[in-house]
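Biologist: I am just starting out with protein models and would love a close look at one small part. Could you walk me through it slowly?

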Amino acid sequence: MTSMPQAVLRFAPSPNGELHLGHAYSALFTAEMARRLEGSFLLRIEDIDLGRCRPEYEAQIYEDLAWLDLTWEMPVRRQSEHFGDYRAALDTLAGLGVIYPCFATRREIAEAAGGAFDPDGAPLYPGIWRDADAGEVARRIAAGEAHALRLDSARAIKIARGFGRPLEWPSFEFVDGQLRVTALMATPERWGDAVLARKDTPTSYHLSVVVDDALQGVTHVTRGADLLAATDLHVLLQTLLGLPTPLYTHHKLITLDGRKLAKSAGDKSLRALREGGATPAYIRSAIDLRDEP
């Protein structure tokens, strides 16, 4: 009888600010799922944005998680040390003919989008440079003009469907203590021609997370409900790159006055709560995992 592979889960924060209660919820939720699945708990530092990420924030992540009595397997994967892996993935996509350079500015995209938006609320890219003259593109690149690499979603979806692998993903949850898995269809077209790399950031969240999950053998992905729609795009990339699709679950978000907590909003950090006298037990009580299956 063949044994099932060990479950592997990960918590993957970005060191561009201090962790808050929302991060604590996600980390503790992931650790709890790893315990239920008798699997491994990994920590990944998603620091592809070299302009915003800081070593002091990374150090704070380790301190905050240790304070919450969480432990993780070593070594910790730091994305900034693995840009070559993402470049290789881009080369594979280029070989399939599904990425292209785009020189459009944010203003040009917003004006051309006609009020359409992607799931993140950004203007939906209308394909301004999708069928651009090759000579013009080559001239601009040779001149060193900043550009993004975008996914030709229509062509990518057509090619992916030709692989004979359904564009769907398995959603998992625990119901009455039992693991339940449901297949959900992916609709990556709602993302339009998503950005996969920029000159100043040679990969994107969408590309790097797909590559990392495969390289680290992640079997179950736990993340907030705000990333539910991203799974559609990730399944498309996994199919194109020949990578496995993990099981996914998307947990609730910790909110304040109807909005999710955010570093940019200045919501109180775990460090500030700790310095104010909060204990790990208080944090666990405040976020309350009991209503999750």
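Which residues does leucine 247 touch, not counting residues up to four places away in sequence?

Modeller: Happy to help! Keep in mind that this is a predicted model. Leucine 247 touches Pro170, Phe172, Val181, Thr219, His220 and Val221, once residues up to four places away in sequence are set aside. To find leucine 247 in the picture, look for strand β10, which covers residues 247-251. Now pick one of those partners, proline 170: it sits 77 residues from leucine 247 in sequence, yet the two C-alpha atoms are 5.0 Å apart in space.

That pair fits a wider pattern. Among contacts in the protein with a separation of 6 or more, 78% link residues 24 or more positions apart.

Let us step back to the whole protein. Its secondary structure consists of 10 helices and 12 strands. The radius of gyration is 20 Å, close to the 19 Å given by the globule rule for 293 residues, so the protein is as compact as a globular protein of that length. Along the principal axes, the C-alpha atoms fill a box of roughly 60 × 50 × 35 Å.

What about inside and outside? Of the 293 residues, 47% count as buried. The accessible surface comes to about 14,500 Å², and carbon and sulfur atoms make up 52% of that area. As for charge, there are 33 positive and 40 negative side chains, with the centres of the two sets 2 Å apart.

Technical notes:
Residues numbered from 1 in each chain as written. Predicted model: local features only at pLDDT ≥ 70, side-chain atom pairs only at ≥ 80, totals over all residues. Heavy atoms only, no water. Helix = DSSP H or I, 4+ residues; strand = E, 2+ residues; numbered from the N terminus. Rg over C-alpha atoms; globule rule 2.2 N^0.38 Å. Buried < 20%, exposed > 50% of the residue type's maximum accessible area, 1.4 Å probe, protein only. Contact = heavy atoms within 4.5 Å. Areas by Shrake-Rupley, 256 points an atom, 1.4 Å probe, with all protein chains shown as cover. Lys, Arg positive; Asp, Glu negative; His and termini not counted. Charge placed at Lys NZ, Arg CZ, Asp CG, Glu CD.
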